[in-house]
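Let's take a walk through this two-chain model and see what its side chains are up to. Have the viewer open as you read.

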Amino acid sequence: MSLTLALAAILAVAAVVGWHGFSRAARLRTATRLHSLPSYHGAYAALWAAIPALLLLAAWSPMQSRLVDRAVLSSPEGRSLPAFDMQRESILSEAREIAYGQREQGFNPESSTLAPRIRAEESRFALMGGAAAILLALLAGAFALRRTKPEFRARRGVERWLMILLLAASLIAILTTLGILLSLMFESLRFFNLYPVGSFLFGTEWSPQTAIRADQAGSSGAFGSIPLLWGTFFIGAIIAMIVAVPLGLMSAIFLTQYAHPRVRSWLKPILEILAGVPTVVYGYFAALTVAPVVRDFGLAIGVSSASSESALAAGLVMGIMIIPFISSMADDSIAAVPQAMRDGSLAMGATKSETIRKVVLPAALPGVIGGVLLAVSRAIGETMIVVMAAGLAANLTANPFASVTTVTTQIVQLLTGDQEFDSAKTLAAFALGLALFLITLVLNLIALHVVRKYQEQYE
Amino acid sequence: MLPHEEHEGSRLDTPAPEEAEQEPRIPAQVQGMHSGLDVNATASEPDTNRAPKMSAREVSVFYGDKQALKNVSINIHDDRVTAFIGPSGCGKSTFLRCLNRMNDTIPSARVTGQIELDNEDINSTAMDVVQLRARVGMVFQKPNPFPKSIFENVAYGPRIHGLAQSKPDLEQIVEKSLKRAGLWEEVKDRLQESGTALSGGQQQRLCIARAIAVDPEVILMDEPCSALDPIATAKIEELIHELRGRYAIAIVTHNMQQAARVSQRTAFFHLGEMVEYGKTSEIFTNPHERRTQDYITGRYG
Ligand SMILES: Nc1ncnc2c1ncn2[C@@H]1O[C@H](COP(=O)(O)OP(=O)(O)O)[C@@H](O)[C@H]1O
Ligand SMILES: [Mg+2]
């Protein structure tokens with residue numbers, strides 16, 4: 001019996017138990033007044049039947065493969081395997097593939113004899129787990145059904161189960177984040193065993209190519225992250241923001257303060273479409289359309305180092321991408337400035353633009369700054385545009401026509417293609433990911449703090 | 001050049017007209033303790049035959065299709081306080097906002113009729129709304145200081161209208177305005193602190209100082225005390241007494257005792273109409289209209 005079958009069986013048990021609870025309560029209802037409607041009694045019994053059993057099943061399935069492995073290894077066929085770890089692993093994995101029908105024949109003869117054993121242990125444990133789960137469903141269902149009495153508060157019980165369900169859903173998101181962070185930290189620690197932290201953080205040379213044999217040239221890569229962080233910052237926080245902040249802010253001011261409601265109802269959705277364009281489309285727009293124009297312009301004004309993969313091209317397009325984000329954040333914070341403040345200024349004889357410049361914007365500034373910080377943290381985590389339009393050369397330069405590279409570009413470079421998963425080159429990607437994660441985390445925290453402070457001001 | 005700038009030198013320095021000084025000044029706190037209406041404050045009603053400062057003729061206001069004000073005609077004189085009373089929603093604020101064209105900021109609002117300031121039509125194209133509002137200042141129901149320092153709040157108007165030639169000049173205007181608003185002693189040592197950190201009553205006096213700083217001719221106050229406690233209210237009322245005569249003052253209030261205490265003329269509004277307008281003492285002791293009578297005796301509102 002497979003676990004899928006067990007799953008179906010549990011759901012069937014829950015349905016039957018639920019229906020039973022419902023009809024039982026309905027019958028009671030003809031005689032007395034119930035505290036809860038029959039549907040609540042049904043739902044209560046069904047939840048009791050389903051949830052504990054499903055949890056058991058969910059806990060069992062990852063455990064099962066380990067139990068199977070252990071049983072196989074301690075079986076007579078398993079004991080005859082070579083003790084050497086790597087060899088034993090490869091035979092085992094081959095045997096597993098044969099057992100699941102993914103391949104016909106193993107490279108090692110032992111695997112073929114091992115396969116039936118695996119299949120047998122597999123079904124034995126699945127039967128055990130599945131039977132236990134179904135049994136639990138039946139027991140819990142029976143327990144819940146016994147409580148179907150007129151005065152029983154099934155409605156409250158259902159409420160509690162739903163609360164638990166919602167809690168579990170939110171925990172999954174939190175635990176996933178935690179898990180990602182832990183795995184990043186773990187892999188980064190492995191990287192820092194191979195390469196010193198100080199050189200990673202403060203090194204100015206980035207050349208991750210490691211040779212296959214130790215005696216080849218460039219056998220030791222250099223993993224100084226400064227050029228990547230600079231490139232990321234240069235494109236995402238400087239060039240993109242020089243484009244996005246004024247344009248986004250001005251469009252927000254126009255939309256909130258000047259535009260006729262009809263114009264606004266047209267322009268705002270169009271601006272939001274800009275936010276919905278897939279970043280890969282921005283990427284090839286940057287690489288194919290903007291980059292050549294920028295290079296030609298650079299050459300025309302006499303910058304001989306102008307490259308077709310320039311920081312400027314990527315930054316400009318990223319700035320365009322960020323405009324709707326800044327505009328909508330600014331829109332919110334401008335709208336949060338009380339009308340009374342605006343009236344106060346207008347009643348003093350200030351013009352509309354004086355009111356905006358001297359009263360509305362200063363009052364909205366903290367919110368705008370928070371929005372810009374969030375935008376920066378988005379821009380530096382953005383991948384597609386820079387992969388397609390920024391270069392690979394890790395230059396430490398402030399020349400916008402030159403090619404720079406970014407953290408995300410390099411992570412993509414390090415992890416695409418065939419890699420061994422314990423070389424410094426691959427592990428460096430995790431260290432870069434961790435660095436990026438921490439930077440955006442700090443930016444987000446500061447931004448949220450600023451925005452919250454600002455919102456309190458007008459409550 | 002702003003048209004009212006020619007007044008500047010003289011206006012800021014001339015003392016209030018005589019009659020204002022002679023008026024028996026009963027501290028507002030004391031008056032507040034009377035339970036009934038007190039019309040003593042209006043006893044020495046100045047009687048001038050001068051042309052009105054502002055005059056409204058047949059003013060109607062529509063918000064979209066809904067008429068909020070029906071053919072209101074009123075004169076406002078520059079040596080008196082004129083109070084607008086009436087149940088809430090009757091159009092007092094709407095009328096007040098007509099006088100400095102703040103209704104322009106509401107897209108759905110439409111104003112008809114004629115309003116004149118010193119015999120100039122304020123709705124004509126010759127009148128610049130920005131200058132009109134510098135001449136006709138406004139204080140709002142809820143204190144609305146800017147999120148700037150106390151100094152910058154008061155300096156805001158003089159700055160945008162270019163009233164100060166130099167920094168000392170500006171400082172002098174700020175000091176004079178704060179003094180006139182009765183706030184100077186409380187804030188002179190902390191002019192750089194935020195205006196929003198003051199108490200509600202201080203904030204409202206800051207808003208009055210802010211309005212005074214551009215040296216207006218008329219000050220409109222829309223229920224300036226409704227968000228304040230009794231002590232702060234008494235201070236504002238006292239301030240209105242002091243400002244009377246220097247500026248034409250129009251005040252909206254839903255508090256009849258307050259109207260009786262601070263004003264010399266009272267207009268009673270009801271359902272968008274101006275029902276009765278006359279000397280405050282008469283409105284409160286001997287109203288001609290039935291509806292006025294009902295309102296001041298507390299039959300509705
Ligand atoms: N901005 C507005 N849009 C639409 N109707 C308004 C607006 N402001 C006021 N009104 C309406 O106009 C009428 C008069 O309002 P208002 O002048 O504020 O009364 P008051 O100040 O006497 O309480 C009310 O019925 C109110 O609902
Ligand atoms: Mg009002």
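What follows covers the salt bridges, a nonpolar patch, the contact between the chains and one threonine.

## A lysine with two partners

First things first: this is a predicted model. Over all chains, the salt-bridge count comes to 23. A good place to start is Lys53(B), whose side chain meets that of Asp118(B) in a salt bridge, 3.0 Å from N to O. Lys53(B) sits in the loop between helix 3 (28-32) and strand 1 (54-63) of chain B, while Asp118(B) is in the loop between strand 4 (109-117) and strand 5 (120-121) of that chain, so the pair ties together parts that are 65 residues apart in sequence. How accessible are the two? Lys53(B) has 9% relative accessibility, so it counts as buried, whereas Asp118(B) is partly exposed at 32%.

Lys53(B) also forms a salt bridge with Glu217(B), at 2.9 Å from N to O. Glu217(B) lies in the loop between helix 9 (200-212) and strand 7 (218-222) of chain B, so its pairing with Lys53(B) links parts that are 164 residues apart in sequence. Glu217(B) and Lys53(B) are both buried.

## The wider network, and another pair

Which residues join up around this lysine? Lys53(B), Asp118(B), Glu120(B), Arg135(B) and Glu217(B) are linked in a network of salt bridges. As general background, side chains of opposite charge can pair when their charged atoms come close.

Elsewhere in chain B, Glu193(B) forms a salt bridge with Arg190(B), with 3.4 Å between the closest N and O atoms. Here Glu193(B) is partly exposed at 37% relative accessibility, and Arg190(B) is partly exposed too, at 26%.

## A nonpolar patch on chain A

Over on chain A, there's a nonpolar surface patch of about 840 Å², with Met163(A), Ile164(A), Leu167(A), Leu171(A) and Met185(A) among its residues. The others that make it are Ile174(A), Leu175(A), Leu178(A) and Leu182(A).

Take Ile164(A) as a sample: this isoleucine belongs to helix 6 (residues 154-194) of chain A. Its relative accessible area is 40%, so Ile164(A) counts as partly exposed.

## Where the chains meet

How much area do chain B and chain A bury between them? About 1500 Å², with 66% of it on carbon and sulfur atoms. Pro147(B), Tyr156(B) and Ile160(B) supply 32% of the area that chain B buries against chain A, more than any other three residues. The contact takes 23 residues from chain B and 18 residues from chain A.

As for polar interactions, the rule finds 0 salt bridges across the interface of chain B and chain A, but 4 residue pairs are in polar contact there (both at pLDDT 80 or more). On the chain B side, the elements giving two or more residues to the contact are helix 5 (129-135), strand 6 (136-139), helix 6 (150-160) and helix 9 of chain B.

## Thr355(A), touching both chains

Last stop: Thr355(A), found in helix 13 (residues 352-381) of chain A. Is this threonine buried or exposed? Thr355(A) is buried, with a relative accessible area of just 2%.

What does Thr355(A) touch? Leaving out residues up to four places away in sequence, the list is Arg342(A), Ser345(A), Leu346(A), Ala350(A), Val360(A) and Tyr156(B). That last name is one of the three that lead chain B's buried area against chain A. Within its own chain, the side chain of Thr355(A) reaches the backbone oxygen of Thr351(A) at 2.8 Å.

Conventions
Residues are numbered from 1 along each chain as its sequence is written. Chains are lettered from A and ligands numbered from 1 in the order in which they are written. This is a predicted model: local features need pLDDT of at least 70, side-chain atom pairs count only at pLDDT 80 or more; totals for chains, interfaces and linings use all residues. Side-chain values use heavy atoms; hydrogens and water are left out. A salt bridge is a side-chain nitrogen of Lys or Arg within 4 Å of a carboxyl oxygen of Asp or Glu. Helices (H or I, at least four residues) and strands (E, at least two) are DSSP runs, numbered from the N terminus. Buried means under 20% relative accessible area, exposed over 50%, partly exposed in between (1.4 Å probe, protein chains only). Patches are made of residues with over 30% relative accessible area and no salt bridge: like charges are joined within 9 Å, nonpolar side chains (Val, Leu, Ile, Met, Phe, Trp, Tyr) within 5 Å. Accessible areas come from the Shrake-Rupley method with a 1.4 Å probe; for residues, only the protein chains shown count as cover. Contact means heavy atoms within 4.5 Å. Buried area is the accessible area (1.4 Å probe) that two parts lose on being put together, summed over both. A polar contact is a pair of N or O atoms within 3.5 Å; within protein, one must be able to donate a hydrogen and the other to accept it, and residues adjacent in sequence count only if both atoms are side-chain atoms.
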